[in-house]
Amino acid sequence: MSAPVVQLPPGCKIVEAPSAPQTAVMFEGYPDLLTPDDMAEIIRQSAKTVRKLMRTGEIPNAFKIGAYWYVAKADFAEFVERGKRGAA
């Protein structure tokens, strides 16, 4: 039995899950596709701020289905890790 084929929206890519243990723990319990509310909770910002970051491309590979924004957990983890490296 083979795994089902999943079509990703244009611009999405598959990346490895976060490697840093503290980042991996940060994302426990969240679905593979995050909403702005999920991301806002994780980074302690407003959902409005998160949607702006998605629109401007600062959060990589964000996409809309209808009126709703989503981003893959791995892409958001990459955004968080990039922010940590920039702050160091």
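Colleague: Which residue lies in the segment before α1?
Modeller: This is a predicted model. Helix α1 covers residues 21–26. The residue in the segment before α1 is proline 10.

Colleague: Is proline 10 buried or exposed?
Modeller: Exposed means over 50% relative accessible area. Proline 10 has a relative accessible area of 81%. So proline 10 is exposed.

Colleague: What distance separates the C-alpha atoms of proline 10 and phenylalanine 63?
Modeller: Along the chain, these residues are 53 residues apart. In space, their C-alpha atoms are separated by 8.4 Å.

Colleague: What pattern does the chain follow along the sequence?
Modeller: The secondary structure comes to four helices and three strands. Read along the sequence, the pattern is α-β-α-α-β-β-α.

Colleague: In what order do the three strands stand in the open sheet?
Modeller: β1 (33–34) is an edge strand, and β2 (63–65) is the other; each pairs on one side only. β1 is joined to β3 by two bridges, and β2 pairs with β3 over three bridges. The pairing is antiparallel, and the order is β1-β3-β2.

Colleague: Which residue in β3 stands opposite leucine 33?
Modeller: Strand β3 covers residues 68–72 and runs antiparallel to β1. Opposite leucine 33 stands alanine 72.

Colleague: And which residue in β3 stands opposite isoleucine 65?
Modeller: β2 and β3 pair in the antiparallel sense. Opposite isoleucine 65 stands tyrosine 68.

Colleague: Which residue in the turn of the β2 and β3 hairpin has a positive phi?
Modeller: Two residues lie between the strands of this hairpin. The phi in question is about 65 degrees. The residue is glycine 66.

Colleague: Which residues form the covered face of β3?
Modeller: β3 has two faces, one covered and one uncovered. Tyr68, Tyr70 and Ala72 are on the uncovered face. The covered face has Trp69 and Val71.

Colleague: Why is α2 roughly perpendicular to α3?
Modeller: The axes of α2 (residues 36–43) and α3 (residues 47–55) come within 8 Å and cross at roughly 110 degrees. Angles of 65 to 115 degrees count as roughly perpendicular. That crossing therefore makes α2, relative to α3, roughly perpendicular.

Colleague: How do the residues of the contact of α2 with α3 divide into nonpolar, polar and charged?
Modeller: From α2 come Pro36, Asp37, Met39, Ala40 and Ile43. They meet Ala47, Val50, Arg51 and Met54 in α3. The division is seven nonpolar, no polar and two charged.

Colleague: Which residues of α2 are buried?
Modeller: Buried means under 20% relative accessible area. In α2, the buried residues are Pro36, Asp38, Met39, Ala40 and Ile42.

Colleague: Which residue just after α2 takes a positive phi?
Modeller: α2 ends at residue 43. The positive phi that follows is about 55 degrees. The residue is arginine 44.

Colleague: Why does aspartate 75 count as buried?
Modeller: Aspartate 75 is found in helix α4, residues 73–87. The cut-off for buried is under 20% relative accessible area. Aspartate 75 counts as buried because its relative accessibility is 1%.

Colleague: Which side chain does aspartate 75 join in a polar contact of 3.4 Å?
Modeller: Aspartate 75 belongs to α4. Its side chain makes the 3.4 Å polar contact with the side chain of asparagine 61.

Colleague: What share of the chain counts as buried?
Modeller: The chain has 88 residues. Of these, the share that counts as buried is 32%.

Technical notes:
Residues are numbered from 1 along each chain as its sequence is written. This is a predicted model: local features need pLDDT of at least 70, side-chain atom pairs count only at pLDDT 80 or more; totals for chains, interfaces and linings use all residues. Side-chain values use heavy atoms; hydrogens and water are left out. Two strands pair if DSSP finds at least two bridges between them. Buried means under 20% relative accessible area, exposed over 50%, partly exposed in between (1.4 Å probe, protein chains only). A polar contact is a pair of N or O atoms within 3.5 Å; within protein, one must be able to donate a hydrogen and the other to accept it, and residues adjacent in sequence count only if both atoms are side-chain atoms. Axes are lines fitted to C-alpha atoms, for helices over the stretch in contact, and angles run from 0 to 180 degrees between N-to-C directions. Angles under 35 degrees count as roughly parallel, over 145 as roughly antiparallel, 65 to 115 as roughly perpendicular and the rest as oblique. Contact means heavy atoms within 4.5 Å. Ala, Val, Leu, Ile, Met, Phe, Trp, Tyr, Cys and Pro count as nonpolar, Asp, Glu, Lys and Arg as charged, and the others, Gly among them, as polar.
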